[in-house]
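Hi,

Here is the structure I promised to pass on. Have a look at it first, and then read on for what turned up.

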Amino acid sequence: MSNNDHRPSRKGKLDPKHQECMDRAFRVPIFLSTTTHLNANQQRFLDRLIFEIENALLFPRTLPLSESYPESILTDIRRLVSSSYGMLAVNFRRFLVETMDVNTGPVPPPTPVWQGSVYSQVEPSMAFQFGLPLLLVREEDTDTNNGIWAGGIAPLNLFIVWHSETQTVEEFFRTPEWRSAFANWSAQVRNAFYIQTEPKFRYRCN
């Protein structure tokens, strides 16, 4: 048998390349919105999150790591949104900023606040407009008064908070809040997959 022949062996086992292909084939693609600028603890969190996603037989896709197109960034995001069946967005702490002045009104108290990546605002917004099932995970105190992550902007049942200073990665993924929200979102993703892959016209009665 040649090296390019990836058929099952006579013992019924698949070679690694064939197994990898099969693993991807049976996973529903979802858009994992995150940043590439991570500290060690954030990287541990992201690695554990990807494990959770893949263990649920979902396939995480993200820009520009797993997906890349020769087009503008907004077009890339739109293309990935339109070819996914759900979005899980993680808003990690990125910038610690302090407001020095504002164009009108009183200057807010000089308390530094954490902000995430600008794409943590753009990508979930585009996914929401498209109607994808959303799950939003925020590192504590990130963008609490900014954009879609501010209170009252997105539905509250979509939010899960990781208390990174007092909660380990494993502790977060063992919480009932995470397990419940992730299970509910995963079910919505599979429902979206079945709905979108059904034919527009039915030729038989159920």
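A term you will need below: a polar contact is a pair of N or O atoms within 3.5 Å, where, within protein, one must be able to donate a hydrogen and the other to accept it. Please also keep in mind that this is a predicted model.

With that in hand, let me start at His163. The side chains of His163 and Glu140 are joined by a polar contact of 3.2 Å, so the pair falls within the 3.5 Å cut-off. His163 sits in the loop that runs between strand 7 (159-162) and helix 5 (169-174). Is His163 buried or exposed? It is partly exposed, because its relative accessible area is 31%, and that value lies between the 20% and 50% limits. Arg138 is 25 residues away from His163 in sequence, while their C-alpha atoms are 8.8 Å apart in space.

Now the fold as a whole. The protein chain contains 6 helices and 7 strands, and their order along the sequence is α-β-α-β-α-β-β-β-α-β-β-α-α. The chain has 206 residues, of which 38% count as buried. Among contacts with a separation of 6 or more, 65% are between residues 24 or more positions apart. The exposed area comes to about 13,300 Å², with 55% of it supplied by carbon and sulfur atoms.

Next, the empty space inside. How many cavities of 30 Å³ or more does the structure hold? There is 1, and the largest cavity has a volume of about 70 Å³. Its lining includes Thr35, Asn91, Arg94, Ser117 and Tyr119. By class, the lining has 3 nonpolar, 7 polar and 2 charged residues. Strand 3 (87-91) and helix 4 (119-130) each supply at least two lining residues, and helix 4 gives the most, with 3.

One lining residue deserves a closer look: Ser117. Ser117 is found in the loop between strand 5 (113-115) and helix 4. It counts as buried because its relative accessible area is 16%, which is under the 20% limit. Leaving aside residues up to four places away in sequence, Ser117 touches Thr35, Asn91 and Arg94, and these three also help to line the largest cavity. A polar atom of the Ser117 side chain lies 3.2 Å from the backbone nitrogen of Tyr119, another residue of the lining.

Happy to talk it over whenever suits you.

Best wishes

Note on methods: Residues numbered from 1 in each chain as written. Predicted model: local features only at pLDDT ≥ 70, side-chain atom pairs only at ≥ 80, totals over all residues. Heavy atoms only, no water. Helix = DSSP H or I, 4+ residues; strand = E, 2+ residues; numbered from the N terminus. Buried < 20%, exposed > 50% of the residue type's maximum accessible area, 1.4 Å probe, protein only. Contact = heavy atoms within 4.5 Å. Areas by Shrake-Rupley, 256 points an atom, 1.4 Å probe, with all protein chains shown as cover. 1 Å grid on protein atoms, 1.4 Å probe; cavity = no way out; pocket = protein on both sides within 12 Å on 5 of 7 lines; lining within 4 Å. Points joined across faces, edges and corners; volume = space filled by probe spheres on them. Nonpolar A, V, L, I, M, F, W, Y, C, P; charged D, E, K, R; others polar.
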